[in-house]
Each structure stands twice: as C-alpha cells, then as structure tokens.
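This briefing is intended for a first-year student who has the sequence and the structure at hand. Please view both before reading the points that follow.

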Amino acid sequence: MRYIPVIGLEIHAELSTDSKVFCNCSSEFGGEQNTRCCPRCSGLPGTLPVLNKKAMEYAVKAGLALGCEINMHNSFDRKNYFYPDLPKAYQITQYLRPICVSGKVDIGGKIIRINRIHLEEDAGKLIHHDSDGLSLIDLNRCGIPLIEIVTEPDISSAEEAKAFVEAVSLNLKYAGVCDCRMEEGSLRVDVNISLMPEGATELGTRAEIKNLNSLKSIARAIEYEIYRQSELLDNGMNIIQETRRFDDNSGTTSSLRSKQEVHDYRYFPEPDIPAVIFTQDDIENIRSNLPKMPQERFEEYTVVFGLPEDDARLLISDKALSDFYNGAVSVYPNYKGIANLILVELLHLLNKSGLSMDSLLIPPQDIAKLVRLTDEGKVSRNAAKDILRIMFEKGGSPDAIARENGLLMETDTGAVITVIKEVLAHNQKAVDEYRSGKEKVFGFLMGQVSKKMGKGSNPKLIREELEKALKN
C-alpha cells in the first residue's frame, strides 16, 4: 500500500544572549562542567527566577523573522516532569500564552506553517559513561534561553524537512538571535511523523524522534521511520505512539519511552513571573532593528540587481557574505562584476585558506575600487586576480598595490607600437599566414605582444594597434 508521510517539527534554538533566561550566569557554550551555574539555575530551594529582557526581545525577533504574529500579552507556565538533568523537576515554559503564533516559511514555493514559538529554559546535559554504567550531570546548559518552534504537520518528506530547518536556521542567524550550531547543540530538532494511507482523511498514529543534531540525521531518521512504519502497517500491525531515539551509527530508531500527552505534564501558571505585556511601539522598535531577511535580499538581488538565481542564493547563504556584497555595491553599483569577483575569486581564496568572512582583511569598498579599476581599463582581469590575492594576504588598497607591482595597464601607445614591431619582425611566418587568411594566428601574435609587455599590458590597446600593423 502507498502511504503519505505527515511530518511536523519542533525546533529548539538556544538564544544568543550573554546570560541565562532567569539568572545572571553566562550562557557561553562549553566551559568546565558545572562552573556556569548558580542556585537559581541549579533549582535550589528558596531561589526565584528573574526574567531576562533581552531573551524576550530575541524571541520577538525570531517570531518576526519567521512571519509570526506576536502575542502582546504572554505568560509563563510550569511544565512538570522528572528527568535527571532538570533539577527543579519542572521547566518554566509558555503553554497557554506563547510569545509568537501563526508563522510561515516558504521553502521553494511550498509554505510550511508555524503553529507557535514559545520561550523556555533549557535543561542540563547528561554525560553517559557506558563502560562504568554511570551518567553524570552538567548544569552549564541548564537555564539557557530556548525558543521552541512548532510547525503544523505540513511537511511531506525528508527533503522538505531539511529545507525547512535550513530556512529557519538562516533566518535566525540573520536576525542575530541564534548561531544555529547544531554540532554544539544550540539548534536541535524533534521530528513527529505518521503515515496516512493514500486517499485517507484521518491522520495516522505518530512517533516522535528526539534530539536530532544534524541535517543528515534528520533526513536519515525520517527515511528510516517511514520504512519502519510502512513495514508495520503492511503486516497488519499498529503503530505505537511513543518517543524514539535515532542511532547515527546504525541509521535506525529505537523506543525511548511512551509519548507523554499534555495532561501528563500538569501545566499550571508560573507563580513567580508576572505576565509580559508588549505595546505596539515595543514591537515596532524591535522590528526596526531587524536587517533585511534572506528572501527579501534574494528578490532584490535577482529583480533589482539582475543577478542569476544561483548567485543570489549563494550570496544570501551567509549573512556576512551578503553584508559584504551590499557594502561593495553601495560604493560602486556594478552588481554582476562585484558578485563575480566575490563568488569566484574571493571565495576561492577563503576556501583555500580555511578562513571565514569574519577574518577578512579586505573592506568591501576596496572590492568596489578593484572592480572599478578593471571597468575603467586601468588593470586587466588577470591582474585584478593578482591584486585581490595580495589584498587578501597582506591588505592594502587596490590602486596602491597595482602601482607598486607594475600591474597598471600600459596606456603609452608609442610603447605598444614599438613592442608590436619587434614581435612582428621576429615572427614573419605568422605574419604571412595571417595576411594569407589564417586569422587564428592573430591570437598567437597578440599573446607574444602581451607577454613582452608584462602584467601591465593593455589587451584593448594591443588589439587595436596590432590590427593596424598587420594591415600595413
């Protein structure tokens, strides 16, 4: 039988605030175990939470970046459950009044709806030592501000799930609220998946796969779970509603625990944190601090700047790269010329060196100057590559580098004519072949002149004067 996968995601994104959500402990990643925690985030009796204002602002930014409506009146609740890395035995979260609702993200023409985004505190981390049969607790992560982005069941394949996570990650990074480093756990994904027989109208029983921390794992877990559930249904067996874990080594999922329902958590309002009320001015002030989002930049690059879609996608894939490009074209609006230099030559240098845009010595205005020098015929395109390499390695302005290294193109017509005469005198056979109709040898003669002129040769001037000389 043919089945239709019905998939919803819960994306957990740690907010990039300096301190935790209810205390002043550092939220920086890493550190020696249990050194970045205090009585509040350790859940000791008698301590009270104090809400981090910046975390609330970041949650609003995330919602705006993902097309959500912002609840002007939102509040916190207690979600009660016992787990070793949750020291209070409850989590402060948002249930009845989440901060963001009704968002949407476009993934290549398909809209994936976001049901809600709520703000909560992260749990600690269990470190398992299988050889000793021990599990140790590190509370450094406990209390870090976390948003949970919950989708509607609009996703139909592993590819769509990956595309959605990539789109959300990119928007959160542009908004500046999360670094989305899945390898460090600052972005984690739970997948809810069920299968529905083709033509059916009732959803199947779902399984939840917890804590997936790479795009590859998300896709593999979904593909395996589709296979597993299909096999069970084809053999007349029932799907059990449960939480499962994914094993990267085997590429399979296994049962973790029975799926808990809302009533199992015994939610009730958090008594120690008052409701948070925003004004419209608050929301607009936060919105005004958002940069242009990736989709808006993509449309500008393709429609206004006339860039190919592939180039635009590559530019927006990294905010630092996109900002750098915008800085360059604001100085000199040769949109395609600057894009080509950045995407082909500059990215090649970065990849070869293993450096990132953040460590680049070149300011964007110098890229604009270099492209202008090329457009004005002052340096050749090959010389521009040499200039860029020197700028990349040592810094310096492109015009100064061109002068110091003899890369400015020769504009002395007399000097060009002198070299052409020398080349023609030493290549009489090629001259005779050209004059007899073999025009292909023109490239050879031009190459000889350029070689003799050096890196400062002017191809346009050489071509014009060489054509004149060969006609005489």
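**A pocket lined by two domains, and a helix crossing**

Domain 1 (3-281) and domain 2 (292-404) each contribute at least three residues to the lining of the second largest pocket. The model is predicted. The points below describe this pocket and then one pair of helices.

**The second largest pocket**

- The volume of the second largest pocket is about 670 Å³.
- Its lining consists of 23 residues, and those closest to the centre of the pocket are D106, A167, P294, Q295 and I316.
- Two or more lining residues come from each of helix 1 (53-65), strand 6 (100-107), helix 2 (158-175), helix 5 (294-304) and helix 6 (309-316).
- Helix 2 provides the most to this lining, namely 5 residues.
- By chemical character, the lining of the second largest pocket comprises 12 nonpolar, 6 polar and 5 charged residues.

**The crossing of helix 8 and helix 9**

- Helix 8 spans residues 335-353 and helix 9 spans residues 364-375; their axes come within 10 Å of each other and cross at roughly 115°.
- Helix 8 is therefore roughly perpendicular to helix 9, since angles of 65 to 115 degrees count as roughly perpendicular.
- The crossing of helix 8 and helix 9 is right-handed.

Methods
Residues are numbered from 1 along each chain as its sequence is written. This is a predicted model: local features need pLDDT of at least 70, side-chain atom pairs count only at pLDDT 80 or more; totals for chains, interfaces and linings use all residues. Side-chain values use heavy atoms; hydrogens and water are left out. On a 1 Å grid over the protein atoms alone, a cavity is a set of points where a 1.4 Å probe fits but cannot get out, and a pocket is an open set with protein on both sides within 12 Å along at least five of seven lines; lining residues have an atom within 4 Å of a point. Grid points are joined across faces, edges and corners, and a volume is the space filled by probe spheres set on the points. Helices (H or I, at least four residues) and strands (E, at least two) are DSSP runs, numbered from the N terminus. Ala, Val, Leu, Ile, Met, Phe, Trp, Tyr, Cys and Pro count as nonpolar, Asp, Glu, Lys and Arg as charged, and the others, Gly among them, as polar. Domain bounds come from an automatic or database domain assignment. Axes are lines fitted to C-alpha atoms, for helices over the stretch in contact, and angles run from 0 to 180 degrees between N-to-C directions. Angles under 35 degrees count as roughly parallel, over 145 as roughly antiparallel, 65 to 115 as roughly perpendicular and the rest as oblique. A crossing is left-handed if the near helix is turned anticlockwise from the far one by less than a right angle, and right-handed if clockwise.
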